[in-house]
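The following note is offered to a colleague reading the structure alongside its sequence. The points are numbered for ease of reply.

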Amino acid sequence: MRNAEYARLLAQTAALIEISGGNVYRVRAFQKAARTVEKLPISLEEAMNDGPLTRLPGIGKSIAADLVSIRDSGSFELYNELRQSLPDGILGLMQVQGLGPKKVKALYTHLEVGDLASLEKAVEDGTIAQLPGFGAKTQDNIRREIARLRRQAGRRPLPMAIMVAGPIVEALRAVEAVERAEVGGSVRRRRETVKDVDFVVASTDPEAVMEAFVNLDGVREVIARGSTKTSVILDGEFQADLRVVAPEAFGSALHHFTGSKEHHVELRKRAKSMGLKISEYGVFKVDAPEGTPPVASRTEQDVYAALGLAWIPPEMRENTGEIAAAEADALPSLLSAADIQGDLHMHTTASDGSHTIAQMAEAARDFGHKYIVITDHSQASVVANGLGPDRLRQHMIDIDAANEAIDGIEIKKGIEVDILKDGSLDLPGDLLDELDYVVGSVHASMKQDRQTMTERLLKAISSGHIHALGHPTGRLLGGRDPFEFDFQAIIQACLKHRVALEINASAGRMDLKDEHARLAAQAGVPLVINTDSHTTTGFAQIHFGVGIARRAWLEPHHVLNTLPWDEMMNWYKGA
Ligand SMILES: [Zn+2]
Ligand SMILES: [Zn+2]
């Protein structure tokens, strides 16, 4: 089991104790232990083998025993007791933004709300607004949230699926009987939310593959086991199917189970017009006698070639023009993670990050970056311990000192300045101009109406003091809807004032989304892909941003931080 799974159970336990009115110190103890496990740089199970877990901060004897129990049985006594004493749907209520354990407790004890359905009923009855500490505004927010969760309908953020599926594909590739293994489906297409996970494996010994699969770490429960298809539940409650095919049919099977449906409908039409038919077993001539081998099936390249097309990257298979582009041999040369030279958005202990400037810089260098910009929060972000002018001045000195001390990476001075309610910036312009790079972001008053928000962003973009608009739509993937504004107006302003739009790659955001990034690039507005890292382990999230960029058909030249620093800054100078 992965660390994140252990951490999730501990954090859920903390919430359940709080909802059931338990001891507040116990709540904190579980929260603290969850954080420790989540941030642990090695696997918790390795740590268990190395000695008692009580050597880790925040892990006492009792929680250490709980963790061992989770390893051995998937759960532990206190957790089971709490789950039994509370309604099944109670944890689902925590998906509603704005409902923490305290509010869930109030809803449960006063209104007997124990799941989303009873919450919805209470909203319709108007009883929530009368609860102490709630009010009409909260009730409206909850109503919106329920609608959002309904739209999501079982789809979950891609990063969660990748974190679970990635190690499983790696483990499958290490199985002796496996010739090739890939994850297919919307995970492979990097769609921002996914329902389930598909694995496709090439092997001449399916039985051995199935046996290895059901015993893999991360596979929690077997639903149905067959000789060519096995269905399981993975960690994180993802349902997954594994299909094992003969090596000569791997390409057509992977293609089939990658989708999308819309892409395949177009391909089938095309095949038909060529006297061909296409299935998971290959591309066949329609008029060939039964039992005739396929025209193509071994690789995806073969499958596309049989249809007169260049191989189309999975991220583009959405029927948004990729088939015509492939036919004309005009597919873009998509950006890849290796093209990214630096990260322009990250936090340190100076605001709400977990690591120092030096720690972040060394981790970024080891990750392969040539430069980074340290962009802590500005003063308006009080909960994030944002910097006012005096602290920023000292911070600039500290960044310069780190840059002097650390070799192999350029450390640039920046800030993530709050775009205030009225569109003004949270720090004086002349101070911002002393920095190397400024990301401007909205962090508060996100429910402004479309026109107010548009004007607010336009004012910031035209200020002349920001280089990029950070997490432009403010959405939290699977957590908060984007705020509303006139995207075309923002694109035009960015073009005019030379401001880049950020693809914020952090797993919880993924903002901009693919369609918006594509629109921006088509209009000539450059993108920057940043991780907004708050810890040294955050840099790898760049892959999530690169996935968005590839879905947006972006090539390296569309993204500024594929350039060396000086060349990147030339764009800002209009050179
Ligand atoms: Zn931010
Ligand atoms: Zn940030």
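1. Overall dimensions. For a chain of 575 residues a compact globule would have a radius of gyration near 25 Å, and the protein chain, with 26 Å, agrees with that expectation. The model is a predicted one. Along the principal axes, the C-alpha atoms fill a box of roughly 80 × 65 × 55 Å. Of the 575 residues, 53% count as buried.

2. Composition and contacts. The secondary structure of the protein chain amounts to 23 helices and 16 strands. Where contacts join residues at least 6 apart in sequence, 67% of them link residues at least 24 apart.

3. Domains. The domain assignment divides the protein chain into domain 1 (3-152), domain 2 (157-237), domain 3 (254-327) and domain 4 (337-573). The centres of domain 1 and domain 3, taken over C-alpha atoms, are separated by 46 Å.

4. The zinc ion (ligand 2). Its protein donors are His345 (NE2), His347 (NE2), Glu416 (OE) and Asp532 (OD), at 2.0 to 2.2 Å from the ion. Along the chain these donors follow the spacing H-x1-H-x68-E-x115-D. His345 is placed in the loop between strand E10 (342-343) and helix H16 (357-367), and Asp532 in the loop between strand E16 (527-530) and helix H22 (542-551), so this pair ties together parts that are 187 residues apart in sequence. Both His345 and Asp532 are buried.

5. Geometry of that site. How is the site of the zinc ion (ligand 2) classed from the angles among its four donor atoms? The angles run from 83 to 169°, and the site is irregular. A tetrahedral assignment would require all angles to lie between 85 and 135 degrees.

6. The zinc ion (ligand 1). Here the protein donors are Glu416 (OE), His443 (NE2) and His471 (NE2), lying 2.1 to 2.2 Å from the ion. Their spacing along the chain is E-x26-H-x27-H. Glu416 belongs to strand E12, whereas His471 sits in the loop between strand E14 (468-469) and helix H20 (487-497), so the pair ties together parts that are 55 residues apart in sequence. Glu416 and His471 are both buried.

7. The shared ligand. Which residue coordinates both the zinc ion (ligand 1) and the zinc ion (ligand 2)? That residue is Glu416, and the two ions are 3.3 Å apart.

8. Backbone at His471 and Ser445. His471, a donor of the zinc ion (ligand 1), has a positive phi near 20° although it is a residue other than glycine. Its relative accessibility is 1%, so His471 counts as buried. Ser445 likewise has a positive phi, near 50°, in a residue other than glycine. Ser445 is located in the loop between E13 and helix H19 (450-461), and with a relative accessible area of 31% it is partly exposed.

9. Helix H23. Which residues of helix H23 (residues 565-573) are buried? They are Trp565, Met568, Met569, Trp571 and Tyr572. Viewed down the axis of H23, these buried residues fall within an arc of 140°, so they line one face of the helix. The face turned away from the buried side carries the exposed residues Asp566 and Lys573. The cover over the buried residues of H23 includes strand E11 (371-377), strand E12 (410-418), strand E13 (437-441) and strand E15 (500-504). Strand E12 also holds the zinc donor Glu416. After H23 comes Gly574, with a positive phi near 85°.

10. Cis peptide bonds. Gly259 and Ser260 are joined by a cis peptide bond with omega about 0°; Ser260 lies in the loop between helix H12 (250-256) and helix H13 (261-273). A cis peptide bond also joins Asp511 and Leu512, with omega about 10°, and Leu512 is found in the loop between E15 and helix H21 (514-523). Both places merit inspection in the display.

11. Surroundings of Val245. Val245 is part of strand E7 (residues 239-245). Is this residue buried or exposed? Val245 is buried, its relative accessible area being 16%. Leaving aside residues up to four places away in sequence, Val245 touches Val201, Ala202, Ser203, Phe250 and Ala253. The C-alpha atoms of Val245 and Thr228 are 6.9 Å apart, with the two positions 17 residues apart along the chain.

Definitions and conventions. Residues numbered from 1 in each chain as written. Chains lettered and ligands numbered in written order. Predicted model: local features only at pLDDT ≥ 70, side-chain atom pairs only at ≥ 80, totals over all residues. Heavy atoms only, no water. Donors = N, O, S within 2.8 Å, 3.2 Å for Na, K, Ca; no water. Tetrahedral: all angles 85-135°; square planar, octahedral: opposite > 155°, others 65-115°. Helix = DSSP H or I, 4+ residues; strand = E, 2+ residues; numbered from the N terminus. Buried < 20%, exposed > 50% of the residue type's maximum accessible area, 1.4 Å probe, protein only. Domains from an automatic or database assignment. Arc of directions from axis to C-beta. Contact = heavy atoms within 4.5 Å. Rg over C-alpha atoms; globule rule 2.2 N^0.38 Å.
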